[in-house]
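Please open the model in your viewer and keep the selection tool at hand. The tour moves from a whole chain to one strand and its partners, and then to a helix in another chain.

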Amino acid sequence: MTPLLQTRKLTKHFKVGGNFSRRTLHAVDDVDITIDANEIVALVGESGSGKSTIARLLARVYKPTSGEILYQGKSLQSMRSRRQSQTYRGDVPMVFQDPFSSLNPAYPVAHGIMRGLALHRPDLDRGQRRREAVRVVETVGLKPAAQILDRYPYELSGGQRQRIGFAQALAYRPTLILADEPVSMLDVSIRIGLLNVMADLREQEGVSFLYITHDIASARYVSDRLMVMYAGHIVESGPTEAVLAAPRHPYTQLLLSAVPDPRAPLAVGAGTDKGEPPRVINPEPGCRFRRRCPLAVEVCATVTPLSELGPAHSAACHVAAAQL
Amino acid sequence: MANAPVPEILFPQRPAPGIPVLDVRDLTVEYAADGPGVRAVDGVNLSVHKGEFVGVVGESGCGKSTMLFAIAQLLSPPASITGGSVLFNGRNLVTMTARQLNVLRWRDYSVVMQSAMNALNPVTSIAAQFRDALQAHGNFSRSQIAQRSAEVLTLVGIDPVHLASYPHQLSGGMRQRAMIAMALLFTPELVIMDEPTSALDVVAQRSLMIQIRELQQQLGFAVVFVTHDMSLVSHFSDQLLVMYAGQVVEIGPTRTVFDSPAHPYSRGLLDAFPSIRGKRVRLTGIPGSPPDLGRPPQGCRFHARCPVAMDECASQEPALYPVGAVGSRCLLHRPAQVKA
């Protein structure tokens with residue numbers, strides 16, 4: 001079966017410095033991702049690891065430096081016409097991190113939803129658009145929908161605004177929603193509500209999600225599959241529970257040990273780790289985690305470990321590969 | 001590295017008895033507004049002993065930051081302290097003049113601001129900012145300033161060469177550490193921290209928390225630490241204060257509050273976290289949002305969102321009742337009911 005969305009050796013480099021600078025920032029390097037229909041895939045990693053760049057590549061905000069993105073088996077590069085790219089944007093919308101700046105403050109929230117509908121579903125007339133707007137707003141758990149639609153963003157709380165963000169994406173009848181840190185700006189007490197919205201949308205509307213987060217506990221809460229990113233590489237991926245039960249990559253292990261869990265006693269580990277980001281500007285060959293890695297061996301300094309594309313659970317680590 | 005055991009000293013210890021460093025009594029803060037003022041902090045009592053770590057948790061808009069600003073005497077209009085006192089080593093900060101406060105500020109107590117990442121001046125070097133603070137609050141020679149700046153930076157685990165760096169040359173975690181170093185320039189008795197780690201990812205966040213705890217053991221200062229992420233302070237604070245709608249709804253030893261939260265709000269906050277261990281269960285969080293403090297609801301302020309609310313909760317306002325080692329502002333813990 002063709003996966004819904006697939007990337008092959010997806011790479012994005014940015015030039016930094018002046019016009020004559022030879023420095024390039026390797027934001028994303030050789031990333032292979034597969035997202036199936038009706039699946040929630042979580043992408044976790046620290047800030048600066050390239051998570052958002054992947055989301056923007058998939059949303060066609062950036063053009064890849066190399067590699068390709070296949071949507072329903074078709075390469076995005078082959079979608080040249082305006083209609084094709086508009087269809088793709090309706091199928092794969094994005095929900096942004098900051099609900100305070102992603103809605104237009106000058107219009108009621110209905111405005112954004114209705115405009116999107118007019119653009120992506122031109123078959124609907126005005127009355128149908130309004131009914132569809134009411135339906136999506138109800139689906140994301142906002143009631144009474146008709147009144148909420150006529151409110152301005154400043155009249156809504158952060159959690160309600162972010163639900164509107166999801167409603168907007170949902171209005172286009174998407175197959176995959178790219179959710180870039182959708183809950184990290186919200187209070188802890190209302191995050192769960194939005195994660196439940198994602199789980200329900202998958203259940204009821206059959207939408208897939210790429211859930212980008214730095215919070216591994218919330219990733220576990222909603223996702224089927226987990227991908228861990230470090231310095232532009234996917235270092236580990238697999239079914240969420242399998243990865244969390246037996247993390248193979250030392251970075252995943254570090255990440256897991258750092259999650260505060262009030263129900264458990266203070267776990268050992270991470271005590272002296274400085275959490276400093278790796279160098280991704282003109283990176284040297286070799287594993288990018290090796291300077292922080294407790295298991296680093298000689299080969300790590302010269303050969304970049306590649307993700308063993310096993311059937312399910314894989315990790316890009318020489319030591320882990322040797323242990324198999 | 002990843003598997004090194006965490007030193008014993010990190011675990012919360014019983015605070016030394018004696019006169020508290022900080023004693024907040026019936027502190028009330030109001031924001032002036034048309035009509036009745038907005039009471040953002042309502043009768044808060046809190047004592048912090050030498051070397052103690054006090055965590056303050058609650059949702060946004062519950063008055064946590066306002067309370068910190070009131071303690072540090074940093075409120076600016078329209079906010080003002082309308083009642084209560086803040087005793088710092090027995091002296092009331094509220095009635096002090098600016099000149100009297102200047103003697104204490106930064107020397108005896110210091111503040112690490114929210115989003116410390118952006119609180120550093122982007123156009124001057126770290127050394128210049130440290131020098132500024134040292135010169136504003138004391139008399140030092142150039143070499144003394146250089147020496148002390150290097151000392152505190154080393155203390156937080158940053159190489160002193162970074163004194164010459166500008167904030168943008170440091171990573172987020174390092175900037176946060178530099179802010180903490182700055183707060184320690186005079187080795188104060190109390191450091192007030194307002195969500196200092198909220199912009200960091202979990203790995204950096206955790207190592208910073210461990211470091212704060214280590215420095216505290218080493219230098220003996222007390223910490224008041226505000227956060228909306230309750231799980232963050234679970235392993236680090238001695239005393240936990242849960243705030244809701246400007247009031248303290250639960251206060252007590254951190255471990256007790258986490259193990260058996262007395263107030264339904266504390267329980268709700270705790271249950272809002274998905275865990276990375278154990279069974280995957282569907283959580284609900286706390287429905288609704290905190291009330292408008294301009295028009296606080298009748299009775300218990302939490303009753304509209306409370307899963308165990310009774311009829312009388314809508315009319316009768318609970319006081320802070322003792323429940324074992326903790327205090328809880330919930331009618332369920334009314335002494336009469338406990339006896340009956």
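**Chain A as a whole**

Select chain A, where 48% of the 324 residues count as buried (a residue is buried if 20 or more other C-beta atoms, placed from the backbone, lie within 10 Å of its own, exposed if 12 or fewer, and partly exposed in between). This is a predicted model, in which local features need pLDDT of at least 70 and side-chain atom pairs count only at pLDDT 80 or more, while totals for chains, interfaces and linings use all residues. Residues are numbered from 1 along each chain as its sequence is written, and chains are lettered from A and ligands numbered from 1 in the order in which they are written.

With the C-alpha trace displayed, chain A spans about 65 × 50 × 45 Å along its principal axes. Its radius of gyration is 21 Å, which agrees with the value near 20 Å for a compact globule of 324 residues (taken over C-alpha atoms, the rule being 2.2 Å times the number of residues to the power 0.38). Switch to a cartoon to see 11 helices and 12 strands, which are DSSP runs numbered from the N terminus (helices H or I, at least four residues; strands E, at least two).

**Strand β8 and its partners**

Next select residues 176–180 of chain A, strand β8, in which five of the five residues are buried, so the strand is largely enclosed by the rest of the structure. Which way do its residues point? L176(A), L178(A) and D180(A) point one way, and I177(A) and A179(A) the other way. In a regular strand the side chains alternate between the two faces of the sheet.

Add strand β7 (residues 94–95), which runs parallel to β8(A) and is joined to it by two bridges (strands pair if DSSP finds at least two bridges between them); here M94(A) has L178(A) as its bridge partner. Then add β9 (residues 208–213), also parallel to β8(A) and joined to it by five bridges, with Y211(A) opposite A179(A).

**Helix α3 of chain B**

Finally, move to residues 126–137 of chain B, helix α3, whose 12 residues reach 17 Å from first C-alpha to last, close to the 16 Å expected at 1.5 Å a residue (1.5 Å times one less than the number of residues). I126(B), F130(B) and R131(B) are buried in this helix. Seen down the axis of α3(B), the buried residues fall within an arc of 130°, so they line one face (the arc is that of directions from the axis to the C-beta atoms). Rotate to the face turned away from the buried side to find the exposed Q135(B) and A136(B).
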